[in-house]
Amino acid sequence: VQGIMIGTIFWQEENPGMKIPMLFLLVSLISMGNMFIVDVALERRAVFYKHRSANFYPTIVYVVAELLADLPLQILEAVVVGCFSYFFTGFQSHVFYNFFFLLLLCSMAFSNTFKAVTAHTGSPAAAQGAAIGFAALSFCFSGFLVTKEQIPDYFIWIYWSLPFSWTMRALAQNEFRTDGPDGDYAYLVGPPNNEVRLGDALMKAAGIDMAEGWIAGA
């Protein structure tokens, strides 16, 4: 439903500048879509504590098993949401696999962060509040609502620490580093002797770092 909704809102978007807000909305929905894991983790926690106290298995075994058990659902989410939102919007098909992989990593990052938050809180209300607070912090320091240049130096470490900003940078690089539809992103714009690619200009306008390597870094 999320993928269809986003894809329909931005159906075959002809204004390339609108694709960056689309990416922000998509990552926001992917991150918030993992909030359900808080309730699941709370239910599993009592069972895990009981088994651990009885020395059934080490903690690392439980963590790895739970990660593998949740992986198929996260892959399915990334495939379904990614396919609808990606091709409905009109992104470049030959870099879809990078797009899918980044959505999967984003989903895993938020899911496991919410699990960690739940493990360190004492009540369902505190777990939900802490998870929502982390999500809100991620939105604020994503580099979209407040660009990197506008973030004070004493808060910039938050920007570099959150998975949201890494995902946004990598997704934008994945799309706008290509030539775009009909070579649109490769057009040179700007004053003479200071021309830049349209794709680079769009990322710069949105405050997204244009240095190569963010896809691999994410």
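# A tour from Ile-208 to the core

Select Ile-208 first; this residue lies in the loop between helix 9 and helix 10 (214-217). The model is predicted. Is Ile-208 buried or exposed? Ile-208 is buried: its relative accessible area is 8%, and the cut-off for buried is under 20%. Now show what surrounds the side chain and backbone. Leaving out residues up to four places away in sequence, Ile-208 touches Ile-20, Arg-169, Ala-172 and Met-203. Draw a distance from Ile-208 to Ala-172, C-alpha to C-alpha. The viewer should give 7.8 Å, for two residues 36 apart in sequence.

**Zoom out: the whole chain**

Color by secondary structure. The chain has 10 helices and two strands. Follow the cartoon from the start of the sequence, and the order reads α-α-α-α-α-α-α-α-β-β-α-α. The C-alpha trace spans about 70 × 40 × 25 Å along its principal axes. Of the 218 residues in the chain, 43% are buried. Next, think about contacts between residues with a separation of 6 or more. In 68% of those contacts, the partners are 24 or more positions apart.

**Lys-19, in helix 2**

Select Lys-19. Its place is in helix 2. Where would you expect a lysine side chain? Check the surface here: Lys-19 has 2% relative accessibility and counts as buried. Show its contacts, again without the neighbours within four places in sequence. Lys-19 is in contact with Glu-13, Thr-89, Gly-90, Phe-91, Glu-175, Phe-176 and Tyr-185. Two of the names on that list to label are Glu-13 and Glu-175.

**Helix 2 against helix 4**

Keep Lys-19 on screen and add helix 4. Which residues of helix 2 meet helix 4? They are Lys-19, Met-22, Leu-26 and Ile-30, and on the helix 4 side the partners are Glu-77, Val-81, Ser-85 and Thr-89. By class, this contact holds four nonpolar, two polar and two charged residues. Now look at the two axes. They are 12 Å apart, and the helices pack at an angle of about 165 degrees. Angles over 145 degrees count as roughly antiparallel, so helix 2 and helix 4 are roughly antiparallel to each other. The crossing of helix 2 past helix 4 is right-handed.

**Phe-87, further along helix 4**

Stay on helix 4 and select Phe-87, which lies in this helix. Phe-87 counts as partly exposed, at 37% relative accessibility. Beyond residues up to four places away in sequence, Phe-87 touches Gln-12, Gly-82, Ser-93 and Phe-96. Draw a line from Phe-87 to Gln-12. Their C-alpha atoms are separated by 8.0 Å, while the residues are 75 apart along the chain.

**Helix 4 against helix 5**

Hide helix 2 and show helix 5. How far apart are the axes of helix 4 and helix 5? They are 8 Å apart, and the packing angle is about 135 degrees. Helix 4 and helix 5 are therefore oblique to each other. Helix 4 passes helix 5 in a right-handed crossing. The residues of this contact divide into 14 nonpolar, six polar and four charged.

**The nonpolar core**

Nonpolar side chains tend to be buried together in soluble globular proteins. Here, the largest nonpolar core has 51 residues. Select Leu-23, Leu-26, Phe-99 and Phe-114, the residues with the most contacts inside this core. Then turn on the helices that feed it. Helix 2 (19-32), helix 3 (36-53), helix 4 (59-89), helix 5 (96-119), helix 6 (124-140), helix 7 (156-161), helix 8 (163-176) and helix 9 (198-205) each supply at least two core residues. Which helix gives the largest share? Helix 5 does, with 10 residues.

Center on Phe-114. Not counting residues up to four places away in sequence, Phe-114 touches Ser-31, Asn-34, Met-35, Ile-37, Val-38, Ala-131 and Phe-134. Leu-26 is worth a second look: this core residue is also one of the helix 2 residues that meet helix 4.

**Last stop: Asn-55**

Move to the loop between helix 3 and helix 4 and select Asn-55. At 67% relative accessibility, Asn-55 counts as exposed. Check its backbone too. Most residues other than glycine have a negative phi. Phi of Asn-55 is near 60 degrees, a positive value.

Terms used. Residues numbered from 1 in each chain as written. Predicted model: local features only at pLDDT ≥ 70, side-chain atom pairs only at ≥ 80, totals over all residues. Heavy atoms only, no water. Core = buried A, V, L, I, M, F, W, Y, C linked by side-chain atoms within 4.5 Å. Buried < 20%, exposed > 50% of the residue type's maximum accessible area, 1.4 Å probe, protein only. Helix = DSSP H or I, 4+ residues; strand = E, 2+ residues; numbered from the N terminus. Contact = heavy atoms within 4.5 Å. Axes fitted to C-alpha atoms, helices over the stretch in contact; angles between N-to-C directions. Parallel < 35°, antiparallel > 145°, perpendicular 65-115°, else oblique. Left-handed = near helix turned anticlockwise from the far one by under 90°. Nonpolar A, V, L, I, M, F, W, Y, C, P; charged D, E, K, R; others polar.
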